[in-house]
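Colleague: I've got this one open on my screen and I keep tripping over the vocabulary. Can you take me through what the labels rest on?

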Amino acid sequence: MGRRRELAGAADEVTRALRERRPRWISLVGPPGSGRSRLLHEVTRAVSHVDGVPVRRRVTACPPYPCGELAPLADLVRPRPDGSVADGPVADGPGSGVLAAFLAAPDDDTVAARAVVACREALLGLAADAPVVVAVDDLDRAAPALRRFLHQLHVAAGERGLPLAVVTTCGSGSADPLPTPARRIPVEPLGPLDTGRLLRHLLDRAGRPAALAARLVALVGGSPAVATAYASADPAGEPGGVPAAARRLVDARLDRLDGTHRAVLLAGAARSGPVVAASVEAMLGWPAGRAGPVLRALAAAGLLRQVTTDGWAVDALVARVAAMRLSRAVRADFARRLRAAKDTAAGRVPAAGTGVPSRGAGEREVCPLGAGRSRRSGGGARPAPVPPDRPDGSDALCPVPGQPGRSGALRAVPARPGQPVRAGPATGGATGTVADAAEWSRRRNGPSSAVTAWPGQRTDPSPVVPARQERRTGPPGRVGRNRRRTGPGGQALGLAA
């Protein structure tokens, strides 16, 4: 469905090669899931007769990890079970014993290497009697030995003038040189109209409502394999809402990319809207001009499509699968770098609001709100400004601005009876003593004290507590484990916290 132009072009090339007895190589090039395997079988079925002579078809496929390098070759020389193909040269030729051993053990590389010449002569003998089409699916998975066999078969048929055509399928990134004459036929993604027709057909066959086709057209992206995966089952329970079969197709394409191309694609998938080279360079920390060639290469591979002069869009399915590969920390870092680039372009402080400390007025380190928040709780207080480092590197505190009589030295600040003495700023440029602290405490707790207390705090002098009672209950006001809060007369006020 939707492949009439590609089918007509490939069938015409095969017919010309067989009629003119000039072998040709036709390669169907497309990404996985584009329907190239189905197109291969349709091409072999479309050319059934040439000038009234039936065409013999030999079809094989290359698995991802074959047990033997030449194991797929066995399907090309194995006799047809329906008896529609004359197998005289294959069974009765001079290399019939070697062929029989190879067909019995196709995974044995030693036996297969001895049978290469016999297999080639068997196929050439078939082409001498009637036109032959040799079809090999997923040739990009084949071992070099199988590719070399096909090249030698094509050259030998051309030298003998036999009616033979070789039709193969391979991925978009395949750079294997083809023998001449040859033709590459690209298998492009389906258009929206053909994609909708295919989805409605698949949904109807699966017993699901055809109205889902309108929502799935954008996710399918013109891939028949992805359309089959979405139409066969509801992907709501799958991770990211992507069917497992479709996710495997995209993962395989992402794994074949190198580090540079994969990084650009993941950065583009993390950004909403068109992907611009400047934004990708800001997210990855690259110099200007580096992301443009990579984006064009990804567009040539079918992972991006150009929507504006300098903007690209990531395929919806590729964006979903790529986003699942990014952790929250990486996505947050991408967003932080984009905000920093926008702030720099707008003339603001480069790192304001991005979680990165920046220098504000007065050469102080300013930590923005929320920079110290916990990822688990999501809360946190705003950190205080960090004072700048002294140019001379000394550890002494700076004098208090606006108060010439106060320096940064520390002195002992008295506390209430039974509590430790704490440190505080000194006055008059001198450091106080414990006696000064006692005098200050006497004046504070005396009748003429004018110290203002916090709400709910007692300002009268603390009562004198005997040492025996203090050992039993602790200092006045102390709260701790197995302690009781006591009043002025030593009465227990309640259990401690």
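Modeller: Start with Glu 6, which lies in helix α1, residues 4-20; helices here are DSSP runs of H or I with at least four residues, strands are runs of E with at least two, and both are numbered from the N terminus. This is a predicted model, where local features need pLDDT of at least 70, side-chain atom pairs count only at pLDDT 80 or more, and totals for chains, interfaces and linings use all residues. Residues are numbered from 1 along each chain as its sequence is written, and side-chain values use heavy atoms, with hydrogens and water left out.

Colleague: Why is Glu 6 called buried or exposed, whichever it is?

Modeller: Buried means under 20% relative accessible area, exposed means over 50%, and partly exposed is in between (1.4 Å probe, protein chains only). Glu 6 has 13%, so it is buried. Leaving aside neighbours within four places in sequence, Glu 6 is in contact with Leu 39, Ile 185, Pro 186 and Glu 188, contact being heavy atoms within 4.5 Å.

Colleague: What makes Leu 139 buried or exposed?

Modeller: Its relative accessibility is 7%, so Leu 139 counts as buried. You'll find Leu 139 in the loop between β5 (132-137) and α8 (144-160). Not counting residues up to four places away in sequence, Leu 139 touches Trp 25, Cys 62, Arg 147, Leu 150, Thr 168 and Thr 169.

Colleague: And Asp 138, what is unusual about its phi?

Modeller: Most residues other than glycine have a negative phi, and most peptide bonds are trans. Asp 138 has a positive phi of about 55° although it is not a glycine. With 10% relative accessibility, Asp 138 counts as buried. Asp 51 also has a positive phi of about 55°, but at 58% relative accessibility Asp 51 counts as exposed. Asp 51 sits in the loop between β2 (49-50) and β3 (53-54).

Colleague: Which peptide bond is cis?

Modeller: The bond joining Thr 180 and Pro 181, with omega about -5°. Pro 181 is placed in the loop between β6 (164-170) and β7 (182-186).

Colleague: What makes something a nonpolar core?

Modeller: It's a set of buried Ala, Val, Leu, Ile, Met, Phe, Trp, Tyr and Cys residues joined through side-chain atoms within 4.5 Å. The largest one has 47 residues, of which Tyr 230, Val 264, Leu 265, Leu 298 and Leu 317 touch the most other members. Another core, of 35 residues, lies apart from the largest one, and Val 77 and Ala 115 are among its members.

Colleague: Why are α13 and α15 called parallel or perpendicular?

Modeller: Axes are lines fitted to C-alpha atoms, for helices over the stretch in contact, and angles run from 0 to 180 degrees between N-to-C directions. Under 35 degrees is roughly parallel, over 145 roughly antiparallel, 65 to 115 roughly perpendicular, and the rest oblique. The axes of α13 (residues 259-270) and α15 (residues 291-300) cross at roughly 85° and come within 10 Å, so the two helices are roughly perpendicular. Val 264 and Leu 265 are among the α13 residues that meet α15.

Colleague: How do you know that Arg 290 sits over a ring?

Modeller: The rule wants NZ of Lys or CZ of Arg within 6 Å of the ring centre and within 35 degrees of the ring normal. Arg 290 lies over the face of Trp 286, at 4.1 Å from the ring centre.
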